Amino acid sequence: MIVKDAMHEGTLTTDPYRSLADAVVTMETLKVKRLPVLLGSNLVGLLTEGDVIRHLPSLHEGLTPWQFGLRAGKVKVGEAMCPTVLTTTPDTLLDEAIHTMIARRVGGLPVLNDDGQLVGMLTLTDVLRAALRAPENILGAVRQYMTHEI
């Protein structure tokens, strides 16, 4: 199985000049843990839940809700994102991508085509869904070669 068989397309993205607060609202609304960051059509970073937590003002600072909102609203995605992004390609073996995710302790990989353009994301959830579909794929392949004539 290859990455293309497991990844999801139509990945929502953000840009580095967007406010972190806006990106968080998008992530929370869509229940996603990471957003690829594009500048034009080039992948320039990845924003994760961990990045968000590290870049929001600390609740221990004793800020009022207004102060917290004001400070949080000033942070841009480009300041919080990780600019070094591990990626994969649609034709990479899924096992290889899984090993990368496990070894590097990441929950998802942006999928780039041969031109370096983002074509989707591969997440641990995608991998699990693919594993559940695998028996169906195997049965489908067997049925393809079966005939009704015995």
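Helices here are DSSP runs of H or I with at least four residues, numbered from the N terminus. With that in hand, let's work through this predicted model.

**Exercise 1.** Find which residues of helix H2 are buried, and work out how they are arranged around the axis.

*Solution.* Start with the helix, which spans residues 20–30. Buried means under 20% relative accessible area, and Leu20, Ala23, Thr26 and Met27 of H2 are buried. These residues cover an arc of only 120° around the axis, so they lie on the same side of H2. Next, turn to the face pointing away from that buried side: it carries the exposed residues Val25, Glu28 and Thr29. Now look for the packing partners: the buried residues of H2 pack against E1, E2, helix H3 (49–55) and H5. Finally, step just past the end of H2, where Lys31 takes a positive phi of about 55°.

**Exercise 2.** Describe how strands E1 and E2 are joined, and decide whether E1 is enclosed.

*Solution.* E1 covers residues 34–39 and E2 covers residues 42–48. The two strands run antiparallel and are joined by six bridges, with Arg34 opposite Thr48. They form a hairpin with two residues between them, and Gly40 in the turn has a positive phi of about 70°. As for enclosure, five of the six residues of E1 are buried, so the rest of the structure largely encloses this strand.

**Exercise 3.** Place Thr88 and characterise its surroundings.

*Solution.* Thr88 sits in the loop between helix H5 (77–80) and helix H6 (94–104). Its relative accessible area is 6%, so Thr88 is buried. Its side chain makes a polar contact with the side chain of Thr92 (3.3 Å). Leaving out residues up to four places away in sequence, Thr88 touches Val3, Ala97, Leu109, Pro110, Val111 and Leu112.

Methods: Residues numbered from 1 in each chain as written. Predicted model: local features only at pLDDT ≥ 70, side-chain atom pairs only at ≥ 80, totals over all residues. Heavy atoms only, no water. Buried < 20%, exposed > 50% of the residue type's maximum accessible area, 1.4 Å probe, protein only. Pairing = 2+ DSSP bridges. Polar contact = N/O pair within 3.5 Å; in protein donor to acceptor, adjacent residues only side chain to side chain. Contact = heavy atoms within 4.5 Å. Arc of directions from axis to C-beta.
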